[in-house]
Amino acid sequence: MLADKRILLIIGGGIAAFKSLDLIRRLRERGAHVTPVLTRAGSEFVTPLSVSALAGEKLYQDLFDLTAEAEMGHIELSRAADLVVVAPATADLMGKMAAGLANDLASTLLMATDKRVLIAPSMNVRMWEHPATQRNLATLKEDGVLCVGPTEGDMACGEFGYGRLAEPMDIVAAIDAALSDGPMKGKHVLVTSGPTHEPIDPVRYIANRSSGAQGTAIARALAALGADVTFVTGPADVAPPSNVRVVKVQTAAEMLDAVMAAPAADAAVFAAAVADWHVANAGPSKIKKDGNGLPELRFAENPDILATVSQLTKGRPKLVVGFAAETDDVIANATAKRLRKGCDWIVANDVSPATGIMGGAENDVTLITADGSEDWPRMGKDEVATRLAQQIADALL
Ligand code: C5P
């Protein structure tokens, strides 16, 4: 998989930089070409000569290296690669990436690239756990940056915890996965997930118990098959996957807007538990207990996003998949729902409290298509996602 792939390897300044030498060796053993970029701090830990000798390629260090600009500008350098890898990714580099700074060669390449970026963080455990680093990591994941490690263990600074650079072979595996051509490569899939929050006033809202676990697992499974995924999520309990385009919304109306604004999709999976109603008389200020009786909320119906997309006459995805969370007559209700909404498949599940499915780790689903229904055994939400993603891939062939 790695043969003849071009990796642009940015080596940040950390004690683990020496491991990047081993990484270069292992990548080259597998036939990859490594173009190394060494930050100024990185050159305090490994020498430019050892990096370029191992890579067998010119080493890039300075943004204003005029020879390099004459040979290959930084824009071209950032795009000639199949994948950009940052190892070790220091707290400083992650901060620059998250903030969009471009004040040296490494950060400029990371801003200019149109390729996927994989980071392998490495830093002191306190720095890793610092809210700023975790905030930056969340931002980078939202931007679609892939991440491998860090791992837990003894650190060069004498402390113990998370912050060790992933082992070179694990980084190689992550690079391999990032470059692999899955069956969904070139396909764009839209996934909605999570609950929606419908405001009553600026501090209160109406919501439901969806954790977002199933939708998140589906987005991750589709991305693992190589799909380009747009993940439109309400305020979920679980973090979005790392390698998808995340669009965060609060209300059903915002979810519809985000779905309609997304690029044309080959398939769409509507796993969100969209609130059926919003409060039509939601106020601009907090409702007070002023002794004048209880507030009266007037409800208005929310747009049905699944039905809207299923019934598009122009730009309808080839395959539209909805969910039917039911508590009674699951199959009959879900079968009727498939026809009413106009989607191709419905994933039906029983969300009666006794099943423990809502908010739990498992799901027990029946896939309903035009050809009938297929009862799947109870399994983990991740397994449901993998199986559904595979069936979507088969249907799009
Ligand atoms: O009608 P019901 O809410 O049971 O339909 C469930 C399916 O419809 C799910 O796929 C859900 O994501 C989708 N849906 C939607 N917009 C709504 C309500 C439901 O996309 N307003």
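Two strands pair if DSSP finds at least two bridges between them. That cut-off opens the exercises below. The model is predicted.

**Exercise 1. Work out how strand 3 and strand 4 pair, and place them in their sheet.**

Solution.
Step 1. Find strand 3 at residues 83-89 and strand 4 at residues 116-121.
Step 2. Check the bridges: there are five, and the pairing is parallel. The cut-off is at least two bridges.
Step 3. Pick a facing pair. Leucine 83 stands opposite arginine 116 in strand 4.
Step 4. Now take in the sheet. Five strands form an open sheet, ordered 2-1-3-4-5, with parallel pairing.
Step 5. Look at the edges. Strand 2 (33-38) and strand 5 (146-147) each have a single partner strand, so one side of each has no neighbour in the sheet.

**Exercise 2. Describe the hairpin of strand 6 and strand 7.**

Solution.
Step 1. Locate strand 6 at residues 151-154 and strand 7 at residues 160-164.
Step 2. Read their direction. The two strands run antiparallel and are joined by four bridges.
Step 3. Choose a facing pair: glutamate 152 is opposite tyrosine 162 in strand 7.
Step 4. Move to the turn. Five residues lie between the strands. In this hairpin, glycine 158 has a positive phi near 95°.

**Exercise 3. Find two cis peptide bonds that involve proline, and say where each proline sits.**

Solution.
Step 1. Recall the background. Most peptide bonds are trans.
Step 2. Take alanine 87 and proline 88. The bond between them is cis, with omega about -5°. Proline 88 belongs to strand 3.
Step 3. Take glycine 149 and proline 150. They too are joined by a cis peptide bond, with omega about 0°. Proline 150 is in the loop between strand 5 and strand 6.

**Exercise 4. Examine aspartate 4 and aspartate 329: what is the sign of phi, and is each residue buried or exposed?**

Solution.
Step 1. Start from the usual case. Most residues other than glycine have a negative phi.
Step 2. Aspartate 4 has a positive phi of about 65°. Aspartate 4 lies in the segment before strand 1 (6-11).
Step 3. Its relative accessible area is 59%, so aspartate 4 is exposed. The cut-off for exposed is over 50%.
Step 4. Aspartate 329 also has a positive phi, near 40°. Aspartate 329 is in the loop between strand 16 and helix 13.
Step 5. Aspartate 329 counts as exposed because its relative accessibility is 58%.

**Exercise 5. Decide whether asparagine 363 and serine 210 are buried or exposed, and trace their contacts.**

Solution.
Step 1. Asparagine 363 lies in strand 18 (residues 362-363).
Step 2. Its relative accessible area is 1%, so asparagine 363 is buried. The cut-off for buried is under 20%.
Step 3. Follow its side chain. A polar contact of 3.0 Å leads to the side chain of glutamine 214. Another, of 3.1 Å, leads to the side chain of asparagine 349.
Step 4. Widen the view beyond residues up to four places away in sequence. Asparagine 363 touches several residues, including Ile357, Pro377 and Met379.
Step 5. Turn to serine 210, in the loop between strand 10 (205-206) and helix 10 (213-224).
Step 6. Serine 210 is buried because its relative accessible area is 13%.
Step 7. The side chain of serine 210 reaches the backbone nitrogen of glycine 212 at 3.4 Å.
Step 8. Leave aside neighbours within four places in sequence. Serine 210 is then in contact with Gly194, Pro195, Ala273 and Met358.

**Exercise 6. Map the surroundings of the ligand: which residues and elements form its shell?**

Solution.
Step 1. List some residues around the ligand. Among them are Val274, Asp276, Pro303, Gly322 and Lys341.
Step 2. Sort the shell. Seven residues are nonpolar, one is polar and four are charged.
Step 3. Look at polar backbone atoms. One of phenylalanine 270 is 2.6 Å from an oxygen atom of the ligand. One of alanine 272 is 2.6 Å from an oxygen atom of the ligand.
Step 4. Add a side chain. A polar side-chain atom of lysine 337 lies 2.3 Å from a ligand oxygen atom.
Step 5. Consider cover. Alone, the ligand exposes 440 Å², and the protein buries 86% of that.
Step 6. Name the elements that give two or more residues to the shell: helix 12 (305-310), strand 16 (319-326) and helix 13 (330-341).

How values were computed:
Residues numbered from 1 in each chain as written. Predicted model: local features only at pLDDT ≥ 70, side-chain atom pairs only at ≥ 80, totals over all residues. Heavy atoms only, no water. Buried < 20%, exposed > 50% of the residue type's maximum accessible area, 1.4 Å probe, protein only. Polar contact = N/O pair within 3.5 Å; in protein donor to acceptor, adjacent residues only side chain to side chain. Contact = heavy atoms within 4.5 Å. Near = heavy atom within 4 Å. Areas by Shrake-Rupley, 256 points an atom, 1.4 Å probe, with all protein chains shown as cover. Nonpolar A, V, L, I, M, F, W, Y, C, P; charged D, E, K, R; others polar.
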